[in-house]
Amino acid sequence: MFYDIITNTSSKLYRTYIWNYHNFDSAFNKDIEVNPKLILIHTFSHLIIKELEYLCGYPSTSIQERLYVSENPNMNGVLIYTIAGSEGSYGGLTSLCDDNKIGKLIQSALTRAKDCATDPICYHTTGQGVGNLNLSACFSCSLLPETSCELFNSFLDRRLLIDDEYGYFKKIS
């Protein structure tokens, strides 16, 4: 249902992504299917990693993501993990992700995503970053160190999560 809402409601945004992606000449993996689901899950991962960094002080340079996005709506997710030999221990990370705290972590990340230091410019952009492959995403709100991001800080848009009209988490944030 969300996928239908996003592709209809934000079709202009989605077309912008697709146009920017197909007109960007690079060695980027052209087999990646860029769709609202990928952008949503990828942005969600970034917001959670930034929130983990904020709440427990664990550096985001020591955290990585692995995205799992499939055509089957029941087979999507994200794995957030620490890099071997990275700074500190991950005890603080695991304590923030137990059953009692994970909801609060997500709520806090979504609340923080509504407030970017570069808004309204960041929120209303039609493309930024390498090849204009990001919409509402900048280093203040969504981007991570390149060692942490599976897709090189591309295909991000926090509006898909928090927008009052069509955001996936509009009732939560």
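The following exercises, with worked solutions, concern a predicted model.

**Exercise 1.** Determine which side chains of strand 1 (residues 63-68) are buried.

*Solution.* Step 1: the side chains alternate along the strand. Step 2: Ile63, Glu65 and Leu67 point to one face and are buried. Step 3: Gln64, Arg66 and Tyr68 point to the other face and are not buried. Step 4: strand 1 runs antiparallel to strand 2 (residues 77-82), to which six bridges join it; the bridge partner of Gln64 is Tyr81.

**Exercise 2.** Compare the expected span of helix 5 (residues 102-113) with the distance between its end C-alpha atoms, and establish where its buried residues lie.

*Solution.* Step 1: at 1.5 Å a residue, the 12 residues should span 16 Å. Step 2: the end C-alpha atoms are 16 Å apart, which agrees. Step 3: the buried residues of helix 5 are Leu105, Ala109, Leu110 and Ala113. Step 4: seen down the helix axis, these residues fall within an arc of 130°, so they line one face of the helix.

**Exercise 3.** Describe the salt bridge between Glu51 and Arg112, and classify both residues by relative accessible area.

*Solution.* Step 1: the two side chains meet at 2.6 Å, N to O. Step 2: Glu51 belongs to helix 3 (residues 36-56) and Arg112 to helix 5, so the pair links distant parts of the chain, 61 residues apart. Step 3: buried means under 20% relative accessible area; Glu51, at 1%, is therefore buried. Step 4: Arg112, at 35%, is partly exposed.

Terms used. Residues are numbered from 1 along each chain as its sequence is written. This is a predicted model: local features need pLDDT of at least 70, side-chain atom pairs count only at pLDDT 80 or more; totals for chains, interfaces and linings use all residues. Side-chain values use heavy atoms; hydrogens and water are left out. Buried means under 20% relative accessible area, exposed over 50%, partly exposed in between (1.4 Å probe, protein chains only). Helices (H or I, at least four residues) and strands (E, at least two) are DSSP runs, numbered from the N terminus. Two strands pair if DSSP finds at least two bridges between them. The expected span of a helix is 1.5 Å times one less than its number of residues. The arc is that of the directions from the helix axis to the C-beta atoms. A salt bridge is a side-chain nitrogen of Lys or Arg within 4 Å of a carboxyl oxygen of Asp or Glu.
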